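Welcome! Please take a look at the structure below, and then let us walk through some of its residues together.

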Amino acid sequence: MNSNLIARMKTEKYDNVHFFHDDEQDLTAVVAIHSTKFGPAIGGARFKEYENNDSAITDVLNLAQGMTYKAIIHDLPHGGAKAVIIKNRNNIDRTAFFSKYAEFVDSLQGKYITAEDSGTLNSDMHIIKKRTPYVLGTGLGSPSPSTALGIKQAIVAALETYLNKDLSSSTIAIQGIGNVGEELCKLLTNQGAQVIISDINASKVAEVSKKYGAKAVSPEEIIGQTCDLFAPCALGGSINIRSLDILKAKIICGGANNQVYTPDLYDILHERKILYVPDYLANGGGLIKVAGEYANEPEKKIREKVENIYYKTQEIILQSLKQDCSANDIANKLVIARLTNKN
Ligand code: NAD
């Protein structure tokens, strides 16, 4: 991986990558800063187990680049970065552990601003805030509800523009009902959509299914459900060659980052006339919220920006239909043009 890391830093133009370790807390973290061209880089801290160190480094590099794309597509004055904290054991003292992580973040002097992500809690952000100002999510709370609202807006735009349907006539399958997936289930069922859910946590599935009247299926069954739209809201890579062969939905639009396992699948999706709404377009609501907190914007203004994801998604899908290419291509071109523009 070492040479791979250096090669990727060169070809994909990462600003810098930082490695941290503390023996006492058994804490290993990697912070990848992809770009600070448009401002300080914001990105969540993911705390999870990894098969090996290489997969943690690959994850943080992919996620950091995705954050740059997300900030640009949503016109935010920020760059992209991400932190991965490798989970070595379950029994940690969260105060001591995240206080040490805060020292790492502080040492980057504001080039990287941390936030909540999969595996970290809003209460962890409050612990971090005691040691460094470079953390978001303590003022306006968790970004997850805004992420879910933005995905709902993208879903409505995709259903209307691509299938000429609205929520009340649609069936949506959600994979993963954690912070984002559960809130999304609530928003969709409130507007009359039929929702099918799955999670590896069976008791959570039973609880959410009862609360919102969603149909529950097993994790293995969710991708093959007859539905209009598949919303991946667990972890990345769920769109792969095997899952594509059983997918029945005509649209993919969800919250997980890096949903498509390998880049060649974007063309296959387009050939099969499956609309893939780019993850960084649909799931930008949380970043919009924490960027709004950073800029001291009123909550009403932040919500309007999140709701605007509807119009951005609609515009990108219309362009893709006009140019007969994927929505992913259109969005990527917009981002790369801004990233490579000298001004
Ligand atoms: P979370 O950890 O709260 O929820 C993820 C859920 O997915 C968990 O309930 C987990 O049990 C479930 N899961 C894991 N593997 C699964 C599988 N194979 N099948 C079904 N369910 C499975 O995370 P979250 O905050 O809800 O985020 C979900 C995804 O959205 C993540 O990929 C995250 O990076 C991305 N995302 C989150 C935010 C945010 O604001 N929270 C913002 C942007 C992107």
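## Starting on a strand

F19 counts as partly exposed, with a relative accessibility of 48%. This model is a predicted one, so that value, like the others here, is computed from predicted positions. If you would like to find F19, look in strand β1, which covers residues 16-22.

From F19, you can look across to A32. These two residues are 13 positions apart along the chain, and their C-alpha atoms are separated by 8.7 Å.

## Around the ligand

Now let us turn to the ligand. How many residues surround the ligand? There are 21 of them, and the closest are R46, T147, V180, D199 and A234. By type, the residues of this shell divide into seven nonpolar, ten polar and four charged.

Some side chains bring a polar atom towards the ligand. For R46, a polar side-chain atom lies 2.6 Å from an oxygen atom of the ligand. T147 also has a polar side-chain atom facing a ligand oxygen, here at 2.7 Å. In the case of S144, the partner is a nitrogen atom of the ligand, and the distance is 3.1 Å. Taken alone, the ligand exposes 820 Å², and the protein buries 82% of that.

Where does the ligand sit? Its place is in the largest pocket. Two elements each give two or more residues to the shell around the ligand: α5, covering 144-163, and α6, covering 179-190.

## Along helix α6

Helix α6 is also home to L187. Is L187 buried or exposed? It counts as buried, because its relative accessibility is 17% and the cut-off for buried is under 20%.

You can use A148 as a partner for L187. In sequence the two are 39 residues apart, while in space their C-alpha atoms are 8.0 Å apart.

## A buried threonine in a loop

Next, look for T132, which is found in the loop between α4 (122-129) and α5. T132 has a relative accessible area of 2%, so this residue is buried. The side chain of T132 reaches the backbone nitrogen of Y134, at a distance of 3.1 Å.

Y134 also appears in a pairing with S3. Along the chain, S3 and Y134 are 131 residues apart, and 31 Å separates their C-alpha atoms. S3 itself lies in helix α1, made up of residues 2-11. With a relative accessible area of 61%, S3 is exposed.

## Two positive phi angles

Which residue in the loop between α5 and β6 (171-175) is worth a visit? It is N164. Although N164 is not a glycine, its phi is positive, at about 55°. N164 is exposed, because its relative accessible area is 71% and the cut-off for exposed is over 50%.

K273 is another residue other than glycine with a positive phi, and here the value is near 60°. Its place is in the loop between α9 (264-271) and β11 (275-276). At 58% relative accessibility, K273 counts as exposed.

## A last stop in helix α13

To finish the tour, find Y310 in helix α13, which spans residues 309-323. Is Y310 buried or exposed? Its relative accessible area is 15%, so Y310 is buried.

A282 makes a helpful reference point for Y310. The two residues are 28 apart in sequence, and the distance between their C-alpha atoms is 8.8 Å.

Terms used
Residues numbered from 1 in each chain as written. Predicted model: local features only at pLDDT ≥ 70, side-chain atom pairs only at ≥ 80, totals over all residues. Heavy atoms only, no water. Near = heavy atom within 4 Å. Polar contact = N/O pair within 3.5 Å; in protein donor to acceptor, adjacent residues only side chain to side chain. Areas by Shrake-Rupley, 256 points an atom, 1.4 Å probe, with all protein chains shown as cover. 1 Å grid on protein atoms, 1.4 Å probe; cavity = no way out; pocket = protein on both sides within 12 Å on 5 of 7 lines; lining within 4 Å. Sits in = over half its atoms within 2 Å of the grid points. Helix = DSSP H or I, 4+ residues; strand = E, 2+ residues; numbered from the N terminus. Nonpolar A, V, L, I, M, F, W, Y, C, P; charged D, E, K, R; others polar. Buried < 20%, exposed > 50% of the residue type's maximum accessible area, 1.4 Å probe, protein only.
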